[in-house]
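Open the model in your viewer and keep the selection panel at hand. The stops below are meant to be taken in order.

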Amino acid sequence: MSTDTEQPPRTSLPGLAELVRHDLPASLVVFLVSLPLSIGIAVAAGAPVAAGLIAAVVGAVVAGLAGGSTLQVSGPTASLTVVVAESINQFGWAATCFITVAAGLLQIVFGLSRIARGALAIAPVVVHAMLAGIGIVIALQQVHVLLGGNSLSSSWDSLAGLPQELRSVHGGDLAVGLLVIVILVAWKRMPAPVRAVPGPLVAVVAATALALVLPVRVEHIVLNGSLLDELRLPELPHGSWASVALMAVTIALIASVETLLSAVAVDRIRQNASRRTDLDRELMGQGVANMVSGMIGGLPVAAVIVRSITNVKAGARTRASTMLCGLWVLLFSVALVGVVRQIPKAALAGLLIVVGIQLIKLAHVRRAQRTGDLIVYAATIIVVVFWNLLLGMLVGLALAFALLLWRVVRVSVHAEAVRPDRWRVTVDGTFTFLALPKLAAELARVPAGADVTLEMTVDFLDHAAYDAIEEWVAEHRAGGGTVEFVEMGSVRMDGATDGPPARGDSRLMLNEALAPWRRSGGDVDPIVAGVAAYHRSHAHVVRPHLDVLRDGQEPDSLFITCADSRIVPNVITNSGPGDLFTIRNIGNLVPADRQDFSMEAALIYALDKLDVRSVVVCGHSGCGAMAALHSELVTGSELDGWLANARPSLDLYRLGHPVALAAAAAGFGPVDQLGMVNVAVQLETLYAHPVVRRGVVERGVVLSGLFFDIATARVIEVTVDGFAEIGDVGGRLQTVSAVLPV
């Protein structure tokens with residue numbers, strides 16, 4: 001008898017359907033893009049043409065199968081052209097294959113070490129500049145091929161030999177190369193259906209056709225046999241092994257960085273968290289591919305962002321697309337060798353010139369200028385173009401780190417006279433020994449005997465800076481002056497000697513300012529301690545705001561809320577001194593009989609004298625007054641008489657007030673539902689008050705309801721028929737007076 005486990009899997013047909021529908025067409029598109037570029041990169045590097053085709057096959061099949069990304073396409077890349085060309089010139093082609101194997105082994109080590117994400121820490125400006133430098137080198141070298149000559153080994157030679165090359169231009173090569181450039185530049189402006197055919201393929205085919213009909217000689221690429229005939233084994237290099245190791249490290253680093261950047265770009269386009277690239281596995285897959293490519297005579301490979309994005313946009317779904325692309329290259333290279341031999345060198349030169357120029361992105365230049373990194377960008381390009389890629393990367397990283405260090409550790413120190421006998425010294429930033437010369441110069445401006453406010457907003461304080469401040473303070477006080485410390489940063493003087501210096505946590509500052517006291521058995525008076533902390537930390541910040549208000553107040557809102565200690569009106573409204581005219585009582589009640597003279601006086605004063613623009617009633621979750629009201633608790637004290645003012649709220653709650661129904665639907669409990677209804681009822685009571693009604697009618701005073709949910713620390717807007725979340729938008733809360741009974 002058969003069981004479920006014995007039946008064949010039902011996923012095979014959908015997988016085959018997905019392959020035929022999505023991956024097969026995508027693989028053909030990527031193949032058409034990869035083929036001319038792979039050949040062109042091999043020619044530009046001075047390697048055998050077959051080496052580029054071998055690398056395209058191995059990169060697509062091996063890296064596609066073993067890597068950590070399902071859609072990345074690997075193969076020979078323009079970013080390695082300069083390095084490979086230098087390796088071939090220095091060690092020869094067979095030894096370069098050995099170096100490629102060594103680079104692949106290094107990439108496997110990188111992957112096993114799980115350092116892939118660490119490579120992403122390389123400053124983007126350095127990566128962008130490296131690519132731009134490579135683009136310039138490629139363009140300079142291929143201009144000579146475009147003119148009918150041979151590419152030269154260095155940018156110095158390319159520039160120096162350009163005048164001579166211009167005097168001996170080969171017309172046929174120039175015409176073919178220019179045709180490719182024109183087609184590639186114009187292809188972006190073609191209609192979308194036309195652009196579905198890869199521009200590089202169209203350009204190379206058109207140039208090949210032109211070369212066949214031109215009456216002058218055009219030089220073609222050399223391919224002695226089929227791809228299988230061109231397989232070569234690597235040889236041990238002769239010469240300095242230190243140079244060999246350096247070349248292998250360079251290839252491994254550049255290939256790894258480009259692969260990881262491509263992976264990040266592909267993941268960003270796909271936006272599918274469940275199919276993110278395993279970066280460490282991707283490095284190991286690339287390493288295996290490079291070892292295989294080097295062993296059989298191929299160029300180094302890396303994931304190529306242009307081909308990878310083309311693969312994604314063409315609709316690829318699985319690894320099959322990448323691997324099929326490699327198989328198409330293999331089939332073409334074995335069966336159509338004659339077609340490959342017809343491709344003009346100048347056509348590939350034109351293609352590579354465009355590719356090289358496209359590596360220089362104006363957006364990257366503008367960003368470097370905007371972010372102040374232009375010197376890093378320019379220096380990296382210059383070193384890459386006129387020396388070598390590894391040195392350019394090292395110079396760029398060193399400059400980027402130096403610029404980062406300067407930005408991070410610099411500190412602002414400034415001394416100014418507030419009055420003839422009072423000075424303010426401000427220290428803002430990362431306070432280290434590097435700031436001591438500037439600190440000494442500014443402190444020297446402070447006259448002896450002056451009263452000084454030392455305002456420190458620092459996030460790092462080392463012992464040298466601490467000692468310098470302490471010594472100056474002691475000296476200044478000995479001379480008859482005074483020093484008042486105001487510390488608003490995340491690092492304070494009183495803790496600087498407790499251990500090694502460390503960067504302060506800004507969150508601790510907020511906790512210190514906002515966290516409540518905790519009852520303890522200590523002898524410290526929390527009021528006194530709190531006032532002392534206020535004086536030392538933020539009294540200095542509040543002082544200028546209060547100075548403006550010294551002669552009177554002009555609050556924006558009358559804020560009526562509960563006396564509950566968990567509600568801090570200025571915190572939950574992000575307001576400051578002089579903004580809220582606050583009334584607090586048990587249950588945030590407005591007695592309808594107007595017998596509470598305190599409330600009456602406050603309403604009259606706020607609306608008639610202070611001309612507030614809004615009146616807010618704020619309730620809260622877990623309110624003890626609402627809990628007592630809901631259970632109709634009788635205490636036999638004056639509390640019973642006070643809660644009688646909230647009886648209308650209880651009655652409306654029991655009758656199914658819309659606010660209660662909305663709160664219940666949102667999951668709030670009965671007491672909190674009653675609290676929200678109570679806010680709506682107090683708004684109605686306020687609107688019935690003559691003073692408030694007059695303010696609404698004559699001056700447009702706004703009545704608003706709030707409810708503070710303590711558990712989530714969120715403030716909710718209460719309306720007459722429900723409630724609403726308050727988002728990060730400007731403007732006032734909804735006016736409720738317009739729909740209240742008149």
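The tour goes from single helices and helix pairs to the two sheets.

This is a predicted model, in which local features need pLDDT of at least 70 and side-chain atom pairs count only at pLDDT 80 or more, while totals for chains, interfaces and linings use all residues. Residues are numbered from 1 along each chain as its sequence is written, and side-chain values use heavy atoms, with hydrogens and water left out. Helices (H or I, at least four residues) and strands (E, at least two) are DSSP runs, numbered from the N terminus.

**Stop 1: S38**

Select S38, which is found in helix 1 (residues 12-45). With a relative accessible area of 1%, S38 is buried; buried means under 20% relative accessible area, exposed over 50%, and partly exposed in between, with a 1.4 Å probe and protein chains only. Now show what S38 touches: leaving aside residues up to four places away in sequence, these are G52, A56, P76 and R307. Contact here means heavy atoms within 4.5 Å. Add A78 to the selection: A78 and S38 are 40 residues apart along the chain, and their C-alpha atoms are separated by 9.0 Å.

**Stop 2: helix 6 and helix 16**

Select residues 124-146 for helix 6 and residues 345-358 for helix 16. Two packed helices are described by the angle between their axes and the distance between the axes. Here the axes come within 8 Å and cross at roughly 155 degrees, which makes helix 6 roughly antiparallel to helix 16. Axes are lines fitted to C-alpha atoms, for helices over the stretch in contact, and angles run from 0 to 180 degrees between N-to-C directions. Angles under 35 degrees count as roughly parallel, over 145 as roughly antiparallel, 65 to 115 as roughly perpendicular and the rest as oblique.

Which residues of the two helices make the contact? Helix 6 brings G135, I138, A139, Q142, V143, V145 and L146, and helix 16 brings K345, A346, A349, G350, L352, I353 and G356. The crossing of these two helices, helix 6 and helix 16, is left-handed; that is, the near helix is turned anticlockwise from the far one by less than a right angle, whereas clockwise would be right-handed.

Stay on Q142 of helix 6. Q142 counts as buried, at 2% relative accessibility. Not counting residues up to four places away in sequence, Q142 touches A44, S151, A349, L352 and I353.

**Stop 3: helix 14**

Move to helix 14, residues 319-335. Its 17 residues should span 24 Å at 1.5 Å a residue, and the end C-alpha atoms are 25 Å apart, which agrees. The expected span is 1.5 Å times one less than the number of residues. Colour the buried residues of helix 14: R319, S321, T322, L324, C325, G326, V329, F332 and S333.

**Stop 4: the sheet of four strands**

Next, show the open sheet with strand order 3-4-5-6 and mixed pairing. Strand 3 (411-419) and strand 6 (482-487) stand at the edges with a single partner strand each, so one side of each is left without a neighbour in the sheet. From one strand to the next, the twist averages 15 degrees. Two strands pair if DSSP finds at least two bridges between them. Strand 5 (residues 451-461) and strand 6 run parallel and are joined by six bridges; to see one position, select M456, which stands opposite E487 in strand 6.

Add helix 20 (residues 436-443), which lies across strand 3 and strand 4 (422-431) and runs at about 5 degrees to strand 3. Helix 20 also packs with helix 21 (residues 463-478) at an angle of about 15 degrees, with the axes 11 Å apart. The two, helix 20 and helix 21, are therefore roughly parallel to each other, and their crossing is right-handed. At the contact, L436, L439 and L443 in helix 20 meet A464, A465, A468, I469 and W472 in helix 21.

**Stop 5: the sheet of six strands**

Finish with the open sheet of six strands in the order 8-7-9-10-11-12, where the pairing is mixed. Strand 8 (580-585) and strand 12 (723-725) are the edge strands, each pairing on one side only.

Is strand 9 mostly covered or uncovered? Seven of its seven residues are buried. S614, V616, C618 and H620 lie on one side of strand 9, and V615, V617 and G619 on the other. Strand 9 pairs in the parallel sense with strand 7 over five bridges, and seven bridges join strand 9 to strand 10 (residues 702-709), also parallel. C618 stands opposite L706 in strand 10.
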